Amino acid sequence: MSQLIIGQMLNGVIVGSLYGIIALGVTLTFGLTGIVNFALGAFMMLGAYTTWYFYDVLGLPYALAVLGAVCAVSVVGYVSDRALFQFTRGNLVNGLLVSIGMISVFEALVLAAFTTTPKDLTYVLPGALNIAGIILPKIKIVVCVVFLAVIFGTYLALTRTWLGRAAFSYAQNPEAAALMGVHTGRLQTIVVVYSTALAGLGGGLYASMYSIEPTIGSGYILKAVEAAILAGVGSVIGALGGGIILGISENIGSVFLPSAFRDAYGLVFLIAILLVRPGGLFGDRP
Amino acid sequence: MLDVTDLNVSYGKQKVLRGISFELRQGEVVTLIGPNAAGKSTTLRTLAGLKRSDSGKIAFDGGDMASISTAERVKCGLVLVPEGRQIFPRMSVHENLLMGAYHRSDRDHVEDDIERIFSMFPRLRERSTQRAGSMSGGEQQMLAIGRGLMSRPKLMLLDEPTLGLAPIIIEELGRIIRNLAKEGLAILLAEQNAVMALGCADRAYVLQSGDIVTSGDAKRLSEAPEVKQMYLGA
């Protein structure tokens, strides 16, 4: 039994880090542009399909395929910012409408190009580790480590680099940041694009573990928004923490309670935490 | 060094500044005094580029400011220390000061300047790693001024720096402003606290419902009967 629980916790951490990387994009985008970009789930899906295309169809090495996918998704992110999101700055409702519209467009395009048949990548990294009776596929460990590294890297960038500090200061007080000489428009575009790149990376790595279809993004974006709220919007480390708490509570909940309701266990946790700490768990951390 | 001519600003249909003109020379402390809603903050915010003017000229250091962004004005040496301090509450004191130097190209010299700010405000050195939002109002005001100085300005716009501060801190603030001016910094001070403002300024403009009604030497103005009656409570 304890093996099962520990195994499920580890699985929770892995799924949670995927929630976390998208939640990070949600929280950064919200902090700088005041909108919740629900289309980040669709960007994740684009990342997954582009990776599949580069790896399975064109035959590139997996790492290169993911890198290419992240670049391609960033370009789409940049175009979407210039064409649409730059007109929804600070306007939550318009941002919501635009991002939901984008989900339909992206899903329809992918559907038209690749049909609804799920795609599976040929094994990227076969094999599994057996740690004291707990079996963990190697690929899941690698994916989790990459996510953790990117999230901590982002945290370091936000606290140690000029551009990162500018972004963090803007999230706290946009006007004061402008008074420091921060070019606010440029900064917003950078962060919107970076968030889509994170989602693209999430999708690219997701594709190595699970089969992909045009609708995979919708479940993950909801979890990511949940994780961001749970953590306290605006916190990088919190996005990771929130994602992992959500991942673990779903997986452990499914051990003791019917797994059909797994999506609800995280929500119960969310409500419980917000009752005690309305600002979220990490609400005042970078 | 600053030459403002016929500046008109409005919020919607409401005219807030009705063609005001004033000037400021290097190393000079000039104050804008006047009651609430006279247009003091609006003047400063327009100079900093946070608010657009309808018409009028803002010449600073020989260049025309009206058409360039806030960030570019900071680069020219025109910095606003905004009303209510507006420090970054979730950053440390040290990080706040670093942000003040954000636009500078000589980022290697930034630590030396921070050292200079710390010797000017020893309290900030003590609290260097502390979260700025947890400090007292007076300390936050010192930090806001220090952060403004980090941009190496030629002209500093101070918006209501005494707001909510204890009398002893206000006195200290006056000394700091005088010292900065002695080092060659020009300061434009918008204040409701006319006693403090006239005490530390060289010249003053009295603003009322968007018009400059009186101006002149600060000491002389503080003795003028109409100013005394309206702003000094005499």
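**Exercise 1. Determine which parts of chain B are joined by the salt bridge between Glu160(B) and Lys40(B).**

Solution. Begin with the pair itself: in this predicted model, the side chains of Glu160(B) and Lys40(B) meet in a salt bridge with an N to O distance of 3.8 Å, where the term requires a side-chain nitrogen of Lys or Arg within 4 Å of a carboxyl oxygen of Asp or Glu. Next, place the two residues: Glu160(B) lies in the loop between strand 7 and helix 7 of chain B, and Lys40(B) lies in helix 1 of chain B, so the pair ties together parts that are 120 residues apart in sequence. Helices (H or I, at least four residues) and strands (E, at least two) are DSSP runs, numbered from the N terminus. Finally, a search of the whole structure finds 21 salt bridges over all chains.

The model is predicted, with local features needing pLDDT of at least 70 and side-chain atom pairs counting only at pLDDT 80 or more, while totals for chains, interfaces and linings use all residues. Residues are numbered from 1 along each chain as its sequence is written, chains are lettered from A and ligands numbered from 1 in the order in which they are written, and side-chain values use heavy atoms, with hydrogens and water left out.

**Exercise 2. Work out the strand order of the six-stranded sheet of chain B, and state which strands stand at its edges.**

Solution. The six strands form an open, mixed sheet in the order 6-7-8-3-9-10, two strands being paired if DSSP finds at least two bridges between them. Strand 6 and strand 10 (211–217) stand at the edges with a single partner strand each, so one side of each is left without a neighbour in the sheet. Within the sheet, strand 3 (residues 29–33) and strand 9 (residues 203–208) pair in the parallel sense over four bridges, and Leu32(B) stands opposite Tyr205(B) in strand 9. Strand 9 and strand 10, by contrast, pair in the antiparallel sense over six bridges, with Gly216(B) as the bridge partner of Ala204(B). These two strands form a hairpin with two residues between them, and Ser209(B) in the turn has a positive phi of about 40°.

**Exercise 3. Describe the four-stranded sheet of chain B and the helix that lies across three of its strands.**

Solution. The order is 2-1-4-5, in an open sheet with antiparallel pairing, and the edge strands are strand 2 (14–24) and strand 5 (63–64), each of which pairs on one side only. Five bridges join strand 1 (residues 2–11) to strand 4 (residues 55–60); among the partners, Asp3(B) is matched with Ala59(B) in strand 4. Helix 1 of chain B lies across strand 1, strand 2 and strand 4, running at about 110° to strand 1; axes are lines fitted to C-alpha atoms, for helices over the stretch in contact (heavy atoms within 4.5 Å), and angles run from 0 to 180 degrees between N-to-C directions.

**Exercise 4. Characterise the interface of chain B and chain A by its contacts, buried area and salt bridge.**

Solution. First, 26 residues of chain B are in contact with 23 residues of chain A. Second, the chains bury about 2,300 Å² between them, 64% of it on carbon and sulfur atoms, buried area being the accessible area (1.4 Å probe) that two parts lose on being put together, summed over both. Phe88(B), Arg90(B) and Tyr102(B) lose the most area in chain B, together 31% of what that side buries. Third, the rule finds one salt bridge across the interface, and Glu175(A) forms a salt bridge with Arg45(B), with the closest N and O atoms 2.8 Å apart.
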